[in-house]
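Got the model open in your viewer? Let's walk through it one selection at a time.

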Amino acid sequence: MTLRLACLQAPATDHPDGSPDPAADRDANLAALDAAAARAAADGASLLITPEMYLTGYNIGAEAIAALAEDRFGASAQAVAEIAIRHGVAVLYGYPERDGAGVVYNAVQLFGPDGVSLANYRKTHLFGDVDRAAFAAGDDLVVQAELGGVRLGFLICYDVEFPEAVRAHADAGTQLLLVPTALMRPYEYVPRQIVPARAIESQLFLAYVNRVGVERDFVYAGESRVVAPDGRELAIAGEHEELVIADVDLADLTTSRAVNTYLRDRRTDLYGASAVTPGARA
């Protein structure tokens with residue numbers, strides 16, 4: 001079973017202070033997403049992945065985020081669903097989600113190629129003031145979906161830097177972990193060292209999709225990549241806007257787990273509370 005995925009390493013979205021129309025960049029990002037989906041489909045990809053907070057930008061300020069936040073099935077979601085249908089490609093995109101109580105979350109949503117929402121995940125580990133000033137933390141660590149016979153899981157940026165979060169996905173059966181991110185310099189060690197380590201230690205495929213460019217005082221690091229469970233880099237981007245393609249073959253996962261027996265050899269009887277895996281939720 002093989003799934004071809006396209007990772008959109010997108011440019012930063014910066015709303016100038018005092019911009020009269022903060023929705024303008026969101027509309028431009030939707031147009032860029034449509035173009036990227038067309039390219040992904042032409043390359044034979046079944047799934048397109050965007051960075052964290054793709055629709056609006058990430059480091060744009062809490063007030064701008066609150067103004068742009070939408071319901072999970074709001075107007076932007078409908079536009080993304082139409083893009084997925086038009087190009088026959090599943091789309092995972094980052095956006096600010098406002099729930100019924102008015103709380104805002106840093107979220108990602110997956111639409112299938114038929115325009116049906118397959119999953120919605122809210123970032124559980126908030127990073128610094130940039131997250132805490134704008135978002136509430138999500139409470140569901142393991143969110144999963146099926147696509148093309150592959151069990152997908154979702155984390156966002158800082159989440160992947162906690163080994164417990166990735167291991168919880170491995171225990172719940174995730175085969176391909178999708179991690180939209182907005183990683184800035186000087187934290188390039190995350191894609192270079194932490195991401196491959198997480199894929200190896202938890203024996204799963206990991207797609208880490210970042211931004212490039214500048215938003216206020218953040219300079220994004222790029223270096224998006226797809227890593228196999230044996231640590232091989234199936235695709236890697238540089239420091240510029242790019243669409244990278246990778247094939248995830250589940251046969252490689254079976255082979256890797258036969259050689260690397262971390263999951264089987266664990267002494268969970270010694271780990272105490274860390275051995276408890278949250279239940280998977282779709």
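Start by selecting D159: it is buried, with a relative accessible area of 0%. Buried here means under 20% relative accessible area, while over 50% is exposed and anything in between is partly exposed (1.4 Å probe, protein chains only).

Before going on, a word on what you're looking at. This is a predicted model, in which local features need pLDDT of at least 70 and side-chain atom pairs count only at pLDDT 80 or more, while totals for chains, interfaces and linings use all residues. Residues are numbered from 1 along each chain as its sequence is written, and side-chain values use heavy atoms, with hydrogens and water left out.

**Around D159**

D159 sits in the loop between β7 (150–154) and α5 (163–172). Helices (H or I, at least four residues) and strands (E, at least two) are DSSP runs, numbered from the N terminus. Which residues does D159 contact, leaving aside neighbours within four places in sequence? Show Y121, K123, T124, H125 and A165; contact means heavy atoms within 4.5 Å. Now add P229: from D159 it is 70 residues away in sequence and 18 Å away in space, C-alpha to C-alpha.

**Along α5**

Next, colour α5. Its buried residues are A165, V166, A168, H169 and A170. Turn on their surroundings and you'll find that the cover includes β6, β7, β8, α6 (189–202) and α8 (262–265). Just after α5, click on G173, which takes a positive phi of about 100°.

Keep α5 on screen and bring in α6. Their axes come within 10 Å and cross at roughly 40°; axes are lines fitted to C-alpha atoms, for helices over the stretch in contact, and angles run from 0 to 180 degrees between N-to-C directions. The two helices are therefore oblique to each other. For these labels, under 35 degrees is roughly parallel, over 145 roughly antiparallel, 65 to 115 roughly perpendicular, and the rest oblique. To see where they meet, show P163, V166, R167 and A170 in α5 with R198, E201 and S202 in α6.

**Into the sheet**

Now hide the helices. Six strands form an open sheet in the order β6-β7-β8-β9-β12-β13, with mixed pairing. Two strands pair if DSSP finds at least two bridges between them. The edges are β6 (144–147) and β13 (233–236), each pairing on one side only.

Zoom in on β8 (residues 176–180). Five of its five residues are buried, so β8 is largely enclosed by the rest of the structure. L176, L178 and P180 lie on one side, L177 and V179 on the other. β7 and β8 pair in the parallel sense over three bridges, and L152 stands opposite L176. Toward β9, five bridges join the parallel strands, and there P180 stands opposite V209.

**The core**

Stay on L152 and add L47 and F154: of the 53 residues in the largest nonpolar core, these three touch the most other members. A nonpolar core is a set of buried Ala, Val, Leu, Ile, Met, Phe, Trp, Tyr and Cys residues joined through side-chain atoms within 4.5 Å. The largest share of this core, five residues, comes from strand β9 (residues 205–209). Apart from it lies another core, of 24 residues, including A36, V89, Y95 and F111. In soluble globular proteins, nonpolar side chains tend to be buried together.

**A second helix pair**

Select α1 (residues 23–42) and α3 (residues 75–87), which pack at an angle of about 20° with their axes 9 Å apart. α1 and α3 are therefore roughly parallel to each other. Among the residues to show at their meeting are L30 and L33 in α1 and V80 and I83 in α3.

**Backbone oddities**

Most residues other than glycine have a negative phi, and most peptide bonds are trans. With that in mind, try three last stops:

- M53, in the loop between β2 (47–49) and α2 (62–68), has a positive phi of about 50° although it is not a glycine. At 0% relative accessibility, M53 counts as buried.
- Q203, in the loop between α6 and β9, also has a positive phi of about 50° without being a glycine. Q203 is buried, with a relative accessible area of 0%.
- P186, in the loop between β8 and α6, is joined to R185 by a cis peptide bond, with omega about 15°.
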